Amino acid sequence: MRNPSGVLRAWLNDRPLVPDTALAVTLAGVAVLLLRAAPPREGTPEGLAVALAVAWCLSLVLRRRAPFSLLLMVCLAGVALGTLGVDGLPLWPAMLLLVYTVAAHRGLALSLCGLVWSLVCHFAATVPAGTFGDWGVHLPVTVLTVTMWITGRSVRLRRAYMEELRDRARRTERAREADTRAARAEERSRIARELHDVVAHHVSVMTVQASAARRVLATNPEGAREALSAIEELGRTAMAEMRSIVGVLRTDASPAERNPQPGVAEIPALVDQMR
């Protein structure tokens with residue numbers, strides 16, 4: 001039975017737009033709540049600030065397709081909110097998410113540019129509020145932004161490492177399959193050579209014996225009988241040797257008899273057989 005959490009994770013991985021949409025809607029709601037908690041200065045169009053924050057939070061639906069472009073625009077939107085007299089805090093979660101996305105899905109140079117741009121825009125957004133020199137505000141933002149960037153880079157490096165491991169495993173598997181095919185081909189060639197040697201040797205001897213028996217059948221019945229006996233013995237020997245060679249291909253439970261091939265010590269017996 002499959003794990004329900006694993007099924008859900010796989011389903012979401014195949015449909016990244018679903019979690020991105022839910023995340024964008026959530027961040028838009030958080031931005032509205034933050035704007036309600038910290039209203040803009042008097043005279044600032046609150047509706048414009050809310051619309052700007054909600055629009056750029058909802059744009060995070062496309063964060064996997066164009067994360068760097070969205071990061072540039074969201075940071076500029078934060079500067080615009082600061083210019084309107086609104087604290088840039090409502091767009092801060094969206095900016096952190098985009099910093100992480102750029103670091104996790106883009107190269108080192110582009111992700112560093114995104115990190116620097118987000119910090120520059122943060123400092124620029126604090127100028128209208130008069131908190132540019134307040135490191136009590138800047139330090140937490142800087143630490144969290146750098147932390148999100150490092151987390152994204154770690155995810156990217158781990159993803160690249162796992163992909164390299166999978167690619168190496170695929171290459172190893174292909175090499176193993178190639179070696180297996182080569183070994184099978186070599187084994188088939190060896191068996192074919194041994195079968196040819198066995199059949200050619202014994203059939204040639206049996207042919208000579210049969211020819212001799214035919215020639216002396218009328219004049220020397222005893223010699224013909226010996227030749228026929230030799231043919232019978234050679235046939236049985238050939239069948240036994242072929243059975244032994246082909247036995248290596250058997251896959252049933254009864255293993256074939258695997259005697260070693262004749263060596264130098266069997267040369268006298270071979271000479272007597274040929275004689």
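This passage describes the fold, the nonpolar core and two contrasting positions of one helix in a predicted model.

The overall architecture is easy to summarise: the chain contains 9 helices and 0 strands, and its elements follow one another as α-α-α-α-α-α-α-α-α. Of the 275 residues in the chain, 26% are buried. The exposed surface amounts to about 17,500 Å², and carbon and sulfur atoms supply 65% of that area. Among contacts with a sequence separation of 6 or more, 71% join residues 24 or more positions apart.

An unreviewed UniProt entry offers a helpful companion to this picture. Its "transmembrane region" annotation covers residues 17-35, 47-64, 70-100, 107-129 and 135-152. In the model, the span 17-35 is 100% helix and 0% strand, with 27 Å between its end C-alpha atoms. The span 47-64 is 67% helix and 0% strand, and here the end C-alpha atoms are 29 Å apart.

Attention turns next to the interior. The largest nonpolar core comprises 31 residues, of which C57, L60, L71, L91 and M95 touch the most other members. Two or more residues each come from α2 (17-37), α3 (46-58), α4 (67-83), α5 (92-105) and α6 (108-125). The greatest contribution is that of α5, which gives 8 residues. C57 makes a good vantage point for looking around this core. Beyond its neighbours within four places in sequence, C57 is in contact with A24, L27, A28, A31, P90, L91 and A94. One of these partners, L91, is itself listed with C57 among the core residues that touch the most other members.

Helix α7 (residues 135-216) includes V143, and T145 is also found in α7. How do these two positions of the helix compare in their exposure to the surroundings? T145 has a relative accessible area of 0% and is therefore buried, whereas V143, at 45%, is partly exposed. The contacts of T145 fill in the detail: leaving out residues up to four places away in sequence, T145 touches W92, M95, L96, V99, L115, S118 and L119. M95, one of these partners, also belongs to the group of core residues that touch the most other members. V143, for its part, joins W135 and L139 in making a nonpolar surface patch of about 330 Å². V143 can take part in such a patch because its relative accessible area of 45% lies over the 30% that patch residues need.

Technical notes. Residues are numbered from 1 along each chain as its sequence is written. This is a predicted model: local features need pLDDT of at least 70, side-chain atom pairs count only at pLDDT 80 or more; totals for chains, interfaces and linings use all residues. Side-chain values use heavy atoms; hydrogens and water are left out. A nonpolar core is a set of buried Ala, Val, Leu, Ile, Met, Phe, Trp, Tyr and Cys residues joined through side-chain atoms within 4.5 Å. Buried means under 20% relative accessible area, exposed over 50%, partly exposed in between (1.4 Å probe, protein chains only). Helices (H or I, at least four residues) and strands (E, at least two) are DSSP runs, numbered from the N terminus. Contact means heavy atoms within 4.5 Å. UniProt positions are given in the numbering used here, feature names are shortened, and annotations may be inferred rather than shown by experiment. Accessible areas come from the Shrake-Rupley method with a 1.4 Å probe; for residues, only the protein chains shown count as cover. Patches are made of residues with over 30% relative accessible area and no salt bridge: like charges are joined within 9 Å, nonpolar side chains (Val, Leu, Ile, Met, Phe, Trp, Tyr) within 5 Å. A salt bridge is a side-chain nitrogen of Lys or Arg within 4 Å of a carboxyl oxygen of Asp or Glu.
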